[in-house]
Amino acid sequence: MADEKEVVLSERERQCLRWVEEGKSSWAIGVILKVSVNTVNFHVKNAMRKLETTSRTQCVVKARRLRLIE
């Protein structure tokens with residue numbers, strides 16, 4: 001499980017998750033970070049895969065619990 005091994009998120013994955021935590025849509029995050037919606041979704045989905053979660057909210061909660069985002 002993700003809890004047992006060390007999970008490393010890229011800086012962009014962490015940025016995207018911080019904005020997800022603020023309630024921003026992929027479109028809004030893309031505007032903020034000056035990237036496409038597809039790029040935002042790519043980073044969020046990578047984070048979800050690494051953390052073995054099935055939703056954006058679950059991913060943010062787990063990332064925070066593991067202190068991957070602050």
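**Close-up 1. K34, an exposed loop residue with a positive phi.** In this predicted model, K34 is exposed, with a relative accessible area of 74%. That puts K34 past the 50% mark, so "exposed" is the right word for it. Look for K34 in the loop between α2 (26–33) and α3. The backbone is worth a glance here too: phi of K34 is near 60°, a positive value, and the residue isn't a glycine. As a bit of background, most residues other than glycine have a negative phi.

**Close-up 2. E52, another non-glycine residue with a positive phi.** Phi of E52 is near 55°. You'll find E52 in the loop between α3 and α4. E52 has a relative accessible area of 42%, so it counts as partly exposed.

**Close-up 3. A nonpolar surface patch built by W27, V31 and V37.** Together these three side chains make a patch of about 320 Å². V37 belongs to helix α3, which covers residues 37–51. How accessible is V37? Its relative accessible area is 32%, so V37 is partly exposed. That figure is over the 30% needed for a residue to be part of a patch, so V37 qualifies on accessibility.

**Close-up 4. Helices α1 and α4 packed against each other.** Two packed helices are described by the angle between their axes and the distance between the axes. Here the partners are α1, running over residues 11–21, and α4, running over residues 56–65. Their axes sit 10 Å apart and make an angle of about 115°. Because of that angle, α1 is roughly perpendicular to α4. What is the handedness of the crossing of α1 and α4? It is left-handed.

**Close-up 5. The salt bridges of E11 with R14 and R18.** Start with R14 and E11: their closest N and O atoms are 2.3 Å apart. Why are R14 and E11 separated by about one helical turn? Because they are 3 residues apart in helix α1. E11 also meets R18 in a salt bridge, this time at 3.8 Å from N to O. A salt bridge has to fall within 4 Å, so the E11 and R18 pair makes the cut. As for accessibility, E11 is partly exposed at 39% relative accessible area. R18 is partly exposed as well, at 29%. R14 comes in at 21% relative accessibility and also counts as partly exposed. Since buried means under 20%, R14 doesn't fall in that class.

**Close-up 6. The R64 and E21 salt bridge, linking distant parts of the chain.** The side chains of R64 and E21 meet at 2.7 Å, N to O. R64 sits in helix α4 and E21 in helix α1, with their positions 43 residues apart in the chain. Both ends of this bridge are partly exposed: R64 has 35% relative accessibility, and E21 has 33%. Back in the previous view, E11, R14 and R18 are joined into one network by salt bridges that share partners. The count for the model comes to 4 salt bridges, among them R64 with E21.

Technical notes. Residues are numbered from 1 along each chain as its sequence is written. This is a predicted model: local features need pLDDT of at least 70, side-chain atom pairs count only at pLDDT 80 or more; totals for chains, interfaces and linings use all residues. Side-chain values use heavy atoms; hydrogens and water are left out. Patches are made of residues with over 30% relative accessible area and no salt bridge: like charges are joined within 9 Å, nonpolar side chains (Val, Leu, Ile, Met, Phe, Trp, Tyr) within 5 Å. Accessible areas come from the Shrake-Rupley method with a 1.4 Å probe; for residues, only the protein chains shown count as cover. Helices (H or I, at least four residues) and strands (E, at least two) are DSSP runs, numbered from the N terminus. Buried means under 20% relative accessible area, exposed over 50%, partly exposed in between (1.4 Å probe, protein chains only). Axes are lines fitted to C-alpha atoms, for helices over the stretch in contact, and angles run from 0 to 180 degrees between N-to-C directions. Angles under 35 degrees count as roughly parallel, over 145 as roughly antiparallel, 65 to 115 as roughly perpendicular and the rest as oblique. A crossing is left-handed if the near helix is turned anticlockwise from the far one by less than a right angle, and right-handed if clockwise.
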